Amino acid sequence: MKRLLIVHHTPSPNLRAMYEAVRSGAAADEIEGVEVISRPALTASPVDVLEADGYLLGTPVNLGYLSGALKHFFDQIYYPCLDETARRPYGAYLHGGNDATGALRALDSIATGLKWRAVRPPHVVTGEPSRADLEACWELGATVAAELGSV
Ligand SMILES: Cc1cc2nc3c(=O)[nH]c(=O)nc-3n(C[C@H](O)[C@H](O)[C@H](O)COP(=O)(O)O)c2cc1C
């Protein structure tokens with residue numbers, strides 16, 4: 001059984017909708033052999049990361065960067081997980097008021113440092129997520145889960 005860890009900061013209903021769509025896709029019936037674990041970013045530990053085989057990350061854009069919560073997560077896990085988790089697959093979703101550029105750059109830089117492998121580009125939403133946005137979030141979750149399990 002492979003383990004997929006969702007690490008998320010979810011401070012608003014729009015982010016909640018995206019999180020639930022991602023989680024639903026990750027747990028899709030068609031994908032076998034994957035256990036989905038979810039942790040708020042402020043509680044996720046290096047052990048959670050070491051014990052997982054792939055990652056889904058969700059965050060708002062705050063002050064032109066990742067949320068402090070997701071940054072705190074990376075600060076906690078970076079060195080303890082640097083050697084063990086290289087080449088593991090990940091995906092991400094971001095929600096911003098208008099501009100996610102800085103947060104996307106930061107996420108790419110951190111994931112590059114960890115040598116994590118993006119299964120698909122991050123999905124970025126501003127405002128209320130449309131039906132297409134939520135479908136894209138579902139696809140994101142399903143794609144990372146399918147990378148670990150069998151369809
Ligand atoms: C302190 C703070 C800083 C923010 N900075 C940015 C920012 O730099 N860029 C951006 O696109 N949105 C920014 N936002 C908006 C958040 O991304 C947004 O509130 C979050 O994604 C939740 O959106 P919602 O309340 O519409 O669901 C900021 C919000 C807060 C509270």
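Mentor: A residue counts as buried if 20 or more other C-beta atoms lie within 10 Å of its own, exposed if 12 or fewer, and partly exposed in between, with C-beta atoms placed from the backbone. The model is predicted, so to speak of a local feature we ask for pLDDT of at least 70, side-chain atom pairs count only at pLDDT 80 or more, and totals for chains, interfaces and linings use all residues. Residue numbers start from 1 along each chain as its sequence is written.

Trainee: Okay, is leucine 63 buried or exposed?

Mentor: Find it first: leucine 63 sits in the loop between S3 and strand S4 (65-66); helices (H or I, at least four residues) and strands (E, at least two) are DSSP runs, numbered from the N terminus. Its phi is near 55°, a positive value in a residue other than glycine. Because leucine 63 has 9 C-beta neighbours inside 10 Å, we call it exposed.

Trainee: Which way do phi values usually go?

Mentor: Look at arginine 87 too, in the loop between H3 and S5, with a positive phi near 75°. Arginine 87 has 8 other C-beta atoms within 10 Å, so it is exposed. As for the usual sign, most residues other than glycine have a phi that is negative.

Trainee: Zooming out, how many helices and strands does the chain have?

Mentor: Follow the elements from the N terminus and you read β-α-β-α-β-β-α-β-α-β-β-α. The C-alpha atoms fill a box of roughly 40 × 35 × 25 Å along the principal axes. The count for the chain is five helices and seven strands.

Trainee: What share of the contacts with a separation of 6 or more joins residues 24 or more positions apart?

Mentor: Two residues are in contact if their C-beta atoms, placed from the backbone, lie within 7 Å. Buried residues make up 44% of the 151 in the chain. For contacts between residues 24 or more positions apart, the share is 85%.

Trainee: Which element gives the most to the largest nonpolar core?

Mentor: That core (buried Ala, Val, Leu, Ile, Met, Phe, Trp, Tyr and Cys joined through C-beta atoms within 7 Å) has 46 residues, and Leu4, Val22, Ala26, Leu56 and Ala145 touch the most other members. Among the elements supplying at least two residues are strand S1 (2-8), strand S2 (34-40), helix H3 (68-81), helix H4 (101-114) and helix H5 (131-148). With eight residues, the top contributor to this core is H5.

Trainee: And what does leucine 56 touch, leaving out residues up to four places away in sequence?

Mentor: Leucine 56 is one of the core members with the most partners in the core. Its contacts beyond four places are Leu4, Ile6, Val22, Ala26, Tyr90, Gly91, Gly141 and Val144.

Trainee: How far apart are the C-alpha atoms of glycine 149 and glutamate 32?

Mentor: Glycine 149 lies in the segment after H5, and its 19 C-beta neighbours inside 10 Å make it partly exposed. Beyond four places in sequence, glycine 149 contacts Lys2, Ile31, Glu32, Gly33 and Val34. Although glycine 149 and glutamate 32 are 117 residues apart along the chain, their C-alpha atoms are separated by 5.6 Å.

Trainee: Last one: which element supplies the largest share of the shell around the ligand?

Mentor: There are 14 residues around the ligand (C-beta atom, placed from the backbone, within 6 Å of it), and Ser12, Asn14, Pro60, Gly96 and Gly97 come nearest. Helix H1 (13-26), strand S3 (54-62) and strand S5 (89-96) each give two or more residues. The largest share, three residues, comes from S3.
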